[in-house]
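Biologist: Could you walk me through this structure step by step? I am new to this, so please spell out the terms as we go.

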Amino acid sequence: MSVDYAAATETAVRVVKLGTHIGARIDGVRLGGDLDPETVATIRAALNEHKVIFFQGQQHLTEDGQYEFAQLLGTPTTPHPTVTSRGIKSLAIDSQHGRANSWHTDVTFVDRVPKASILRAVTLPSYGGSTTWASTVAAYNSLPEPLKRLAEGLRARHSNVYDYVSEEHDRARTDRTEFESTFYETEHPVVRVHPETGEKALLLGHFVKQIVGVSSAESQALFRLFQDRVTRLEHTTRWNWSLGDVAIWDNRATQHYAIDDYDGGEHRKLTRITLAGDIPVGVDGVPSTPIAGDAGHYSIVEDVRAA
């Protein structure tokens, strides 16, 4: 299924749906900081509806152009709360620094969870290296009513002290030390309300340290119960990267997984620019609570009303 929108140029913007719950490709757009407001509005609407959107043929895009385009969608954060060695405007997602091959929502260990990310392919392996996204909205919606009520009453603590990279070599150990250089911990609702669409979404992923108020064994069981809903194949879409591809995902409504199916001699590098988000709020109206670490230097708290 596709939808055509009249753009300010002669080329129509075409949104091609890729799956029932998640994913769309957008054709007819040349990304950059000079996009007209109508096209930007189309991109925003497609992102809210499809959760992750893909653009092909963007070989012209530089880091500066990627950043200027990101500014049309929101306020870019600094590249990362703790990792400062991999870029000034963008974060290098580089296989030479480790492989984040587990399901996660980005940077949930801070209180101001990013709203979206723009990822651009720079260097790709000759095979493998695709990325899969999952809709956390579809995951919540698939729960039977008793499990929805259970999830809505839970809160979880997220932390950056996590085995994010392997320890197979000295470089990986160095990268992990930088990743954990400042300790962050935040308590989030397990179900957050999307500030723009009003949809409910599961807020979990690999930064979860503990479900609050239960034992470690019970926490692990509850985490698996709800996390397994997120990663059901029917809630996912998979993108096989080509040079010139750009992906944008709603970090408030998705998790993602970079698939580690290429050998060590292959190199994969993408650049990510992240947009500031709000502080998640649960179904009960209670916001997330920072426990350790101040993320003020990383990101503003977006005022959704002004976005």
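Modeller: Let us begin with a space inside the protein: the second largest cavity has a volume of about 90 Å³. A cavity here is a set of points on a 1 Å grid over the protein atoms alone where a 1.4 Å probe fits but cannot get out, and lining residues have an atom within 4 Å of a point. Grid points are joined across faces, edges and corners, and the volume is the space filled by probe spheres set on the points.

Biologist: Before we go on, what kind of model is this, and how are residues numbered?

Modeller: This is a predicted model, in which local features need pLDDT of at least 70 and side-chain atom pairs count only at pLDDT 80 or more, while totals for chains, interfaces and linings use all residues. Residues are numbered from 1 along each chain as its sequence is written, and side-chain values use heavy atoms, with hydrogens and water left out.

Biologist: Okay, and how many cavities of 30 Å³ or more are there?

Modeller: The count comes to 2 by this rule.

Biologist: Which residues line the second largest one?

Modeller: Its lining is made by R44, L47, N48, L73, K115, A116, E196, R252 and L275. By class, 4 of the lining residues are nonpolar, 1 is polar and 4 are charged, where Ala, Val, Leu, Ile, Met, Phe, Trp, Tyr, Cys and Pro count as nonpolar, Asp, Glu, Lys and Arg as charged, and the others, Gly among them, as polar. Helix α1 (residues 37-50) gives the most to this lining, with 3 residues. Helices (H or I, at least four residues) and strands (E, at least two) are DSSP runs, numbered from the N terminus.

Biologist: What comes right after α1, in the loop between α1 and β4?

Modeller: K51 is found in that loop, with β4 covering 52-55. K51 has a positive phi of about 75° although it is not a glycine. Most residues other than glycine have a negative phi. K51 counts as buried because its relative accessibility is 4%; buried means under 20% relative accessible area, exposed over 50% and partly exposed in between, with a 1.4 Å probe and protein chains only.

Biologist: And what is the phi of V107 like?

Modeller: V107 has a positive phi of about 55°, although it is not a glycine either. V107 lies in the loop between β5 (91-94) and β6 (116-123), and V107 is buried, with a relative accessible area of 4%.

Biologist: Switching to sheets, what is the order of the open sheet of 3 strands?

Modeller: The order is β13-β7-β15, with antiparallel pairing, and two strands pair if DSSP finds at least two bridges between them. β13 (236-239) and β15 (254-258) stand at the edges with a single partner strand each, so one side of each is left without a neighbour in the sheet. The twist averages 20° from one strand to the next, using axes that are lines fitted to C-alpha atoms and angles that run from 0 to 180 degrees between N-to-C directions.

Biologist: So where does W133 fit in, and which residue is its bridge partner in β13?

Modeller: In β13 the partner of W133 is T237, and in β15 the partner of W133 is H256. Strand β7 (residues 131-135) pairs with β13 over 4 bridges and with β15 over 5 bridges, in the antiparallel sense.

Biologist: Is β7 covered or open on its faces?

Modeller: Both faces are covered, since T131, W133 and S135 on one side and T132 and A134 on the other are all buried.

Biologist: What about the open sheet formed by 4 strands?

Modeller: That sheet has the order β12-β8-β9-β17, and its pairing is antiparallel. Because β12 (208-211) and β17 (289-292) stand at the edges with a single partner strand each, one side of each is left without a neighbour in the sheet. Strand β8 (residues 155-159) is joined by 5 bridges to strand β9 (residues 185-189), and these two run antiparallel. Within that pair, H158 stands opposite T186 in β9.

Biologist: Last one: which residues of α6 are buried?

Modeller: In α6, the buried residues are S219, L222, F223, F226, Q227, R229 and V230.

Terms used:
On a 1 Å grid over the protein atoms alone, a cavity is a set of points where a 1.4 Å probe fits but cannot get out, and a pocket is an open set with protein on both sides within 12 Å along at least five of seven lines; lining residues have an atom within 4 Å of a point.
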